[in-house]
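Good morning, and thank you for making time for this item. I would ask you to bring up the sequence and the coordinates before I begin.

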Amino acid sequence: MDSEIRDLTPVFEPRSLAMIGASNNPMKWGCIILMNILGYGFQGKIYPINPHEEKILGIRAYPDIRRVEEEVDLAVIARPAEATLQHIEECVEAGVKAAIVIAGGFRETGEEGRKLEEKIVKIARRGGLLLVGPNTMGVYSAPVNLRALMPPVSPVKGEVALVSQSGNIGTNLLGFGSTVGVGFDKFVSSGNEADIECYEYIAYFGADPKVKVILAYLEGIRSGRRFMRVAEEVSERKPLIVYKAGRTRAGVRAARSHSGALIGSNEVVRAVFRQTGIIEASTVNEMLDLAKTFVRMPLPNGRRVGILTWGGGYGVVASDAFEEAGLEVTSLTEDSLRELDKILPPYWSRGNPVDLVGTFDRQIQPPCLDIIARDKNTDIVVALGFIVGSGAFAGSYRSAPWRKEEEGEIVKSWLSKADEESMNVLVEMVRKHGKPVVAVTLTTDMDVVRRAAEKGAIVYPTIETAASVLSKMVRYVEYLRKRSKLRRVED
């Protein structure tokens, strides 16, 4: 990795933390952030800093960080922009290793803010102080139970790392991840990136063995060449998924006023992504769909898709969606067709998609899925309607005027158990055949998506989501193969 990349361990795995601007007033960020740190069970020592209080939230307070007798790895500064310069100087004098500057009011506000930002960076770098932000919502790190964040989100622990130049979007992804089954190992709201830039976070996550997938929400990239070099190196080891905002003139204006970001041409940015192996997410939420797929699914060997569908119409829609996304709805072997003939009614479609012709007999679905998954012509298998979603069906049943409430609960329980069994089948098929085997739920019960992910299965909410995610997975594999060939030629 680039020798200019600094070690960010003091930011993400500090042994001790000082809260500058700590407060007993629950309406102040110095109290809210400290409560978040305490509530999540940070494993290190905590030193509240406030010259007017003896104790903050029951913990001994210090008037000045220089009065703390022990070594401090990380300082969280929740003070106004105009007070930040003094606190940075004090952190340097105290030998603090890293600081998170929460306040806005710097480069994003204009010339005066830019000058102030440059001053704090100059002092920090001269003193060897790593600087997160300013204009940041903070940092999360699962290994040390660190939740130094402004909002009280409680991420599920997992194997995904996220750097976001927007604090709101970043923390929303942390929170929403728990509803769709995505767990996080580390997160940073990078803010203005006055000192530590996005490529350094990506490099750090790329070298972290606990992180399997990296997500990035970016509005602008300042050090283009370094970013490209890091992205190329990291992409060969693990998926780097990026949502690039500021793609329109309106978006560019908003990004400049938000974080002072420098925006390049959208065409140039996308060319850089293709060259460096970055997987571009189409939407913010697709970042999570891509993340959990890469975490839980093996990489496909090719782009050939086998489809199992509960009804013919969805098979047609899926065929269009997958082909338009660049995948191939393949032909099954004659051996597979003969095996399916033994299970399905004589009027089934005898092709791919494999149409279950509306049968509700869930016992025939697993063997059909197994036949498609072991077919030598398939690299990816998608099951439509395989996961029903108990909530939506049971709710409809329960609302019928001639039904009793308890009957609806019985139906829900039965469907929920059937879905659990189907999720287990998906996991077993992946283990058995070593290829992605996923499902698309055809109901509005989104809780099933979360429950499946917790079991290690992948269920998408729509066919279009499945097509987009799986096609990007295939393109990533093709990038890795291309890079491997280039290395062999160079050797």
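I shall go from the overall picture to charged residues and then to one helix. Please keep in mind that this is a predicted model.

To begin with the whole protein, there are 17 helices and 20 strands. The chain has 491 residues, and 57% of them count as buried. The accessible surface is about 20800 Å², with 51% of that area belonging to carbon and sulfur atoms. As for contacts, take those with a separation of 6 or more: residues 24 or more positions apart account for 75% of them.

Let me turn to the salt bridges. How many does a search of the whole structure find? The search gives 39, and I have chosen a few to discuss.

One of them joins the side chains of Asp73 and Arg15, with an N to O distance of 3.1 Å. This pair links distant parts of the chain, the two residues being 58 residues apart. Asp73 sits in the loop between β4 and β5, while Arg15 sits in the loop between α1 and β1. Their surroundings may be stated separately. Asp73 has a relative accessible area of 4% and is therefore buried. Arg15, with 54%, is exposed.

Another salt bridge is formed by the side chains of Arg483 and Glu232, at 3.5 Å from N to O. Here too distant parts of the chain are linked: Arg483 belongs to helix α17, residues 463-490, and Glu232 to helix α7, with their positions 251 residues apart. Arg483 counts as buried because its relative accessibility is 19%, under the 20% limit for that class. Glu232, at 24%, counts as partly exposed.

A further example is Arg350 with Asp341, whose side chains meet at 3.0 Å, N to O. Arg350 is partly exposed, with a relative accessible area of 37%. Asp341 is also partly exposed, at 32% relative accessibility. Elsewhere, salt bridges with shared partners join Glu420, Asp447, Arg450, Arg451, Glu454 and Lys455 into one network.

I come now to a charged residue without such a partner. Lys238 lies in the loop between α7 and β13. Which side chain of opposite charge is nearest to Lys238, and how far away is it? The nearest is Asp208, 6.3 Å away. A salt bridge requires the side-chain nitrogen to be within 4 Å of a carboxyl oxygen, and Lys238 has none, although it is buried. Leaving aside residues up to four places away in sequence, Lys238 touches Phe205, Gly206, Ala207, Asp208, Val211, Lys212, Ile214 and Tyr476. Asp208 is thus among the residues in contact with Lys238, yet the two form no salt bridge.

On the surface, Asp320, Glu323, Glu324 and Glu328 gather in a patch of negative charge. Helix α11, residues 312-324, supplies the largest share of this patch, namely 3 residues. Glu324 is found in that helix. Its relative accessibility is 71%, so Glu324 counts as exposed.

Finally, consider helix α13, residues 365-374. Why is this helix described as largely enclosed by the rest of the structure? The reason is that 7 of its 10 residues are buried. The buried residues are Gln365, Cys368, Leu369, Asp370, Ile371, Ile372 and Ala373.

That concludes my remarks, and I welcome your questions.

Note on methods: Residues are numbered from 1 along each chain as its sequence is written. This is a predicted model: local features need pLDDT of at least 70, side-chain atom pairs count only at pLDDT 80 or more; totals for chains, interfaces and linings use all residues. Side-chain values use heavy atoms; hydrogens and water are left out. Patches are made of residues with over 30% relative accessible area and no salt bridge: like charges are joined within 9 Å, nonpolar side chains (Val, Leu, Ile, Met, Phe, Trp, Tyr) within 5 Å. Accessible areas come from the Shrake-Rupley method with a 1.4 Å probe; for residues, only the protein chains shown count as cover. Lys and Arg count as positive and Asp and Glu as negative; His and the chain ends are not counted. The place of a charge is taken as NZ of Lys, CZ of Arg, CG of Asp or CD of Glu. Helices (H or I, at least four residues) and strands (E, at least two) are DSSP runs, numbered from the N terminus. Buried means under 20% relative accessible area, exposed over 50%, partly exposed in between (1.4 Å probe, protein chains only). Contact means heavy atoms within 4.5 Å.
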